[in-house]
Each structure stands twice: as structure tokens, then as C-alpha cells.
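Student: I'd like a close look at one small part of this model. Could you start from a single residue and work outwards to whatever surrounds it?

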2 protein chains.
Amino acid sequence: MDAVVSRISSRRRLHAHACPIRDVLDRIGDAWSLLTLFTLEPGPLRFNELRRRVDDISQRMLSVTLRQLERDGLVSRTVTPTKPPQVEYALTELGQSLMVPVGALAAWASAKQPFIQRHRAAYDQAAEENPDDPSL
Amino acid sequence: MDAVVSRISSRRRLHAHACPIRDVLDRIGDAWSLLTLFTLEPGPLRFNELRRRVDDISQRMLSVTLRQLERDGLVSRTVTPTKPPQVEYALTELGQSLMVPVGALAAWASAKQPFIQRHRAAYDQAAEENPDDPSL
DNA sequence: CCGAATCCGGTTGGATACTG
DNA sequence: CAGTATCCAACCGGATTCGG
């Protein structure tokens, strides 16, 4: 397991990482990638339709995110040169295969979130009540 | 699936998110959390030992990361008040349970990374060869 | 040994305006 | 419709310094 996560540089600075999990997390972990992938899961969508569904994403971020995802082969971009040009985005096979482990993670998150929320609240309250941290 | 990922605000600004998956990704997706969790998986470690293993993490980031993880109940912090105080960090049961879906994701990443790498390289080269993007 | 606090540069990402 | 370009604020994270 030490071989999998080894010697990462910080977030995107030195991306000379041979670490696959950090690689995928750097892509997936950013603010919008996962959200976009999930929105695309039911079926292909055009740019503005996608924008409407995600709805508080800026058009810049959607654009950037889509290019990243396309670069990694997770989504495909198809241009139909009609009157107003039409562009459709869709999950590739790779993108769909990613949804499986991500789904597992989502399930974990859903299941454990209540606990985490409570733990977090308790932690915060404890810290608030005695600002003189008795930790050391 | 639309209920799971809904209406996220940007990264950490408005964390009024009821979205569990984004919640967990915000924790896991940052530069050091996962790396720390993996390093802690074999067994409990003290602060500086942990620091040595992760080795290019700054002490500040290790400190911050550990506090976040403790807040969420993923790691525990145990202080033994000996001569020089001794502090041990360990995965909680929750932390260990997280390693399962994360492991699946890591496996996916390992398996698909060669493909992604090639796809990425091809994409970059194509973009480099004709800077006049024929996209629209 | 185990941290917390401060300073500060680089990056992320939103708003806006413009192109085709 | 489908983006790109520019400007700018907020944030992340490294280096350093100080305390228990």
C-alpha cells in the first residue's frame, strides 16, 4: 500500500506523480468534476442544458471541467455543425466504469454522514467550551 | 442520483452542503488526507514518525490534516503524559471502514491509469499540433 | 517532542464582457 | 448556442517562529 501512495507533491504543482490514486483524486476531487459526471450519467447533454442542471456552476468552470474530463477520456465531446452549432457531452465507457467505485464511495458517504455530522458537531462544541485546549 | 449530488457551493466557502459525497470528497480530496490515512493504515504512529513517513508534508499541513480527520472521527488522538508527552494517532473504526471503498477507487485508478496517461498525452499532442482549435 | 500562530506567494475560481 | 479572455478576490499551503 506504500507503493500506491508515495511521495506526492502538493496538489497540482509537481504533477510528476506516479501515484494513480492521487492522480484520480486530483481529477475527481476538484469542486465540479464529480458533480458533472453524475449529472451526465443518465445520458448525454448539451452545454447549456448541463449548465442548467448543475445550476450554480459558472460557465467558465463548466468549460474548464469538461475539458479536463475530456482530456482524461472520461467524457466525450461531439460537435454537430448545424445552424447554431450543437455540442453534446456524454460519459465514455471509461467514465461509466468510474461511476462504479465512486458509487461505492458515495454509498459509504451517505451511510456514514449522520455519524460524521454528529462527531463534527460534538468536536466543535467541545473546542468551543474550553478554548484552553487540554491536548498537551 | 440527483438527490445525492445537489447544489454544491464552491469548495469550502459555503459548506452548507447537504451532499454527503461532496462532503467526503472535500475531506478526502485535499492534498494530504488520503496520504495520511494510508500511512496510518498499518498501525498507530506518533506525530514525528508520521511526518517522517509522509516525508514531504510540512508540519503545519500534517497538523491541520490530522485535526480535520480527528474532527470527522476518522482518526483518534491519544495523549500519554509521559516525560516528553507522547501523542499517538490511529485510524478509528470509521476510518478503517473508509479504506474499503477508497481501496476500490485506488484499484480502479491503478488499472485505468495507463489508459488515462495515453489518452492525456494524445489529447495534449493533438492540441499542440493544431492550436487553431477546430471545435466550433 | 508536539504542536500553534503569523506571514505571504501562488493558485483557484467567480463576474463580466467579448467572439463565432 | 457554445464557448474564450481578462480581471480580481478568496483560499491553500510552505517557511518560519514561538510555546508547553
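Tutor: B:S97 sits in helix 5 of chain B, which covers residues 93–129. What does B:S97 touch, leaving aside residues up to four places away in sequence? The answer is A:W108 and A:K112, so named in a predicted model by its contact rule. Within chain B, take B:S76 as a reference point: B:S97 is 21 residues from B:S76 along the chain, and their C-alpha atoms are 14 Å apart.

Those two partners of B:S97 are both in chain A, which takes us to the contact between the protein chains. Chain A puts 57 residues into it, and chain B puts in 56. Together the two chains bury about 5500 Å², with 61% of that on carbon and sulfur atoms. How many salt bridges are there between chain A and chain B? The count is four. One salt bridge joins the side chains of B:R120 and A:D72, at 2.7 Å from N to O. There are also ten residue pairs in polar contact between chain A and chain B, counting pairs with both residues at pLDDT 80 or more.

Which elements of chain A supply at least two residues each to the side that touches chain B? They are helix 1 (20–28), helix 2 (33–40), helix 4, strand 2 (75–80) and helix 5 (93–129). Helix 5 of chain A gives the most, with 20 residues. Sorted by class, this side of chain A has 29 nonpolar, eleven polar and 17 charged residues.

A word on confidence before we go to the DNA. Chain A has a mean pLDDT of 82, and 82% of its residues are at 70 or more. Its residues 1–16 are another matter: pLDDT stays under 50 there, although the model has 30 contacts for that stretch beyond four places in sequence.

Now for DNA strand D. There are 22 residues around it, and those that come nearest are A:R46, A:S63, A:R77, A:Y89 and B:M61. Is it the backbone or the bases of the strand that the protein meets? Of the strand D atoms within 4 Å of the protein, 72% are sugar or phosphate, and the rest belong to bases. Some phosphate contacts can be picked out one by one. The side chain of A:R77 has an N or O atom 2.4 Å from a phosphate oxygen of strand D. For the side chain of B:S58, an N or O atom is 3.1 Å from a phosphate oxygen of that strand. A:N48 uses a polar backbone atom, which is 3.1 Å from a phosphate oxygen of strand D.

The elements giving two or more residues to the surface near strand D are helix 3 (47–54), helix 4 (59–71) and strand 3 (86–91) of chain A, along with helix 4 (59–71) of chain B. Helix 4 of chain A gives the most, four residues. By class, the surface near strand D has eight nonpolar, six polar and eight charged residues. Helix 3 of chain A also holds a salt bridge of its own: A:E49 and A:R53 both lie in that helix, four residues apart, or about one turn, and their closest N and O atoms are 2.9 Å apart.

DNA strand C has 19 residues around it, the closest being A:M61, B:N48, B:S63, B:R77 and B:Y89. Sugar and phosphate make up 71% of the strand C atoms that come within 4 Å of the protein. B:S63 has a polar side-chain atom 2.5 Å from a phosphate oxygen of strand C. Base nitrogens of this strand are reached too: a polar side-chain atom of A:R60 is 3.4 Å from one, and an N or O atom in the side chain of B:Q59 is 3.4 Å from a base nitrogen as well.

Which elements make up the surface near strand C, at two or more residues each? Here they are helix 4 of chain A, plus helix 3 (47–54), helix 4 and strand 3 (86–91) of chain B. Helix 4 of chain B has the largest share, four residues. That surface divides into seven nonpolar, six polar and six charged residues.

Terms used. Residues numbered from 1 in each chain as written. Chains lettered and ligands numbered in written order. Heavy atoms only, no water. Near = heavy atom within 4 Å. Polar contact = N/O pair within 3.5 Å; in protein donor to acceptor, adjacent residues only side chain to side chain. Nonpolar A, V, L, I, M, F, W, Y, C, P; charged D, E, K, R; others polar. pLDDT = per-residue confidence, 0-100. Contact = heavy atoms within 4.5 Å. Buried area = accessible area lost by both parts, 1.4 Å probe.
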